[in-house]
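Me: I am in my first year, and I would like to learn how the words used for a protein model are justified by its values. Could we go through the structure below step by step?

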Amino acid sequence: MKILLAATAALCLAAPLGAQERTPSHPDAKVYFVNLKDGATVTSPVTVIFGLSGMGVAPAGTEKEHTGHHHLLIDRPAIGEGEDGADELLYGLPADEHHVHFGGGQTEATIELSPGRHTLQLVLGDASHVPHDSPVVSEVITINVE
């Protein structure tokens, strides 16, 4: 019985070690597209200017209160939705053609997009590319590339 209790206690104490502590966001923080509107028609390459208020921009790896760096989600469900959505909110954003990282602290980018409809969303990530608690995200917008 003592061994069972000790094993149960060890598991309970070890469980929080696997969970990642999330960085708090400022309650008034907002991220948004400065130069693009939902439904806009554009040509490629597309310049995207990232807007942020209520927090500051800092390169990935920088641990400073109320800062983060931008991520651009392209042609995928809104952050937190889809097959890996819950993991993205807890463990960070992958780096691939649907998740573009701007870990250098960039506030704008020029991206190549094929002709057609594309969805875009901005997400602010902390020093480790994990969305803040509460996540600082833009609305998902749809643009048309000619």
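**From values to words**

Reply: Let us begin with His-132, which is found in the loop between strand 8 and strand 9. Please keep in mind throughout that this is a predicted model.

Me: Why is His-132 called buried?

Reply: A residue counts as buried when its relative accessible area is under 20%. His-132 has a relative accessible area of 0%, so the word buried applies. Leaving aside neighbours within four places in sequence, His-132 is in contact with several residues, including Arg-22, Thr-23, Met-55, Thr-67 and Leu-124.

Me: What makes Asp-133 and Arg-22 a salt bridge?

Reply: The term asks for a side-chain nitrogen of Lys or Arg within 4 Å of a carboxyl oxygen of Asp or Glu. Between Asp-133 and Arg-22 the N to O distance is 3.9 Å, and because the limit is 4 Å, the pair qualifies. Asp-133 sits in the loop between strand 8 (116-125) and strand 9 (141-145), while Arg-22 sits in the loop between helix 1 (2-18) and strand 1 (30-33), and the two are 111 residues apart, which is how the pair links distant parts of the chain.

Me: Why does Asp-133 count as partly exposed?

Reply: Partly exposed covers the values between the buried limit of 20% and the exposed limit of 50%. Asp-133 has a relative accessibility of 44%, and therefore counts as partly exposed.

Me: How many salt bridges does a search of the whole structure find?

Reply: The search finds two salt bridges. Besides the pair already discussed, Glu-88 forms one with Arg-76, where the closest N and O atoms are 2.4 Å apart. Glu-88 belongs to helix 2 (residues 85-91) and Arg-76 to the loop between strand 5 (67-74) and helix 2, so this salt bridge ties together parts that are 12 residues apart in sequence.

Me: Are Glu-88 and Arg-76 buried or exposed?

Reply: The values for both have to be set against the limit of 20%. Glu-88 has a relative accessible area of 4% and is therefore buried, and Arg-76, at 14% relative accessibility, counts as buried too.

Me: Which residues line the largest cavity?

Reply: Arg-76 appears again here, since the lining consists of Leu-73, Arg-76, Pro-77, Ala-78, Thr-119, Leu-120, Gln-121 and Val-140. Strand 8 gives the most to this lining, with three residues, and by kind the lining residues divide into five nonpolar, two polar and one charged. The space in the largest cavity is about 30 Å³, and the search of the whole structure finds one cavity of 30 Å³ or more.

Me: What makes strand 5 largely enclosed by the rest of the structure?

Reply: Eight of the eight residues of strand 5 are buried, and so the strand is described as largely enclosed. Its pairings add to the picture: six bridges join strand 5 to strand 8 in the antiparallel sense, with Leu-72 having Leu-122 as its bridge partner in strand 8. Strand 5 is also joined to strand 6 (residues 99-102) by four bridges, again antiparallel, and there His-71 stands opposite His-101.

Me: How do you know that strand 4 and strand 5 pair?

Reply: Two strands pair if at least two bridges are found between them. Two bridges join strand 4 (residues 56-57) to strand 5, so the condition is met, and these strands run parallel. Within this pairing, Gly-56 has Thr-67 of strand 5 as its bridge partner.

Me: Which side chains of strand 7 point to the buried face?

Reply: Along strand 7 (residues 108-111) the side chains alternate, with Ala-109 and Ile-111 pointing to one face and being buried, whereas Glu-108 and Thr-110 point to the other face and are not buried. Strand 7 pairs with strand 3 (residues 46-53) in the antiparallel sense over four bridges, and in that pairing Val-48 stands opposite Ala-109.

Me: Why is Ala-29 called buried?

Reply: Ala-29, in the loop between helix 1 and strand 1, has a relative accessible area of 17%, which is under 20%, and therefore it counts as buried. Leaving aside neighbours within four places in sequence, Ala-29 is in contact with Ser-53, Gly-54, Met-55 and Val-136.

How values were computed: Residues are numbered from 1 along each chain as its sequence is written. This is a predicted model: local features need pLDDT of at least 70, side-chain atom pairs count only at pLDDT 80 or more; totals for chains, interfaces and linings use all residues. Side-chain values use heavy atoms; hydrogens and water are left out. Buried means under 20% relative accessible area, exposed over 50%, partly exposed in between (1.4 Å probe, protein chains only). Contact means heavy atoms within 4.5 Å. On a 1 Å grid over the protein atoms alone, a cavity is a set of points where a 1.4 Å probe fits but cannot get out, and a pocket is an open set with protein on both sides within 12 Å along at least five of seven lines; lining residues have an atom within 4 Å of a point. Grid points are joined across faces, edges and corners, and a volume is the space filled by probe spheres set on the points. Ala, Val, Leu, Ile, Met, Phe, Trp, Tyr, Cys and Pro count as nonpolar, Asp, Glu, Lys and Arg as charged, and the others, Gly among them, as polar.
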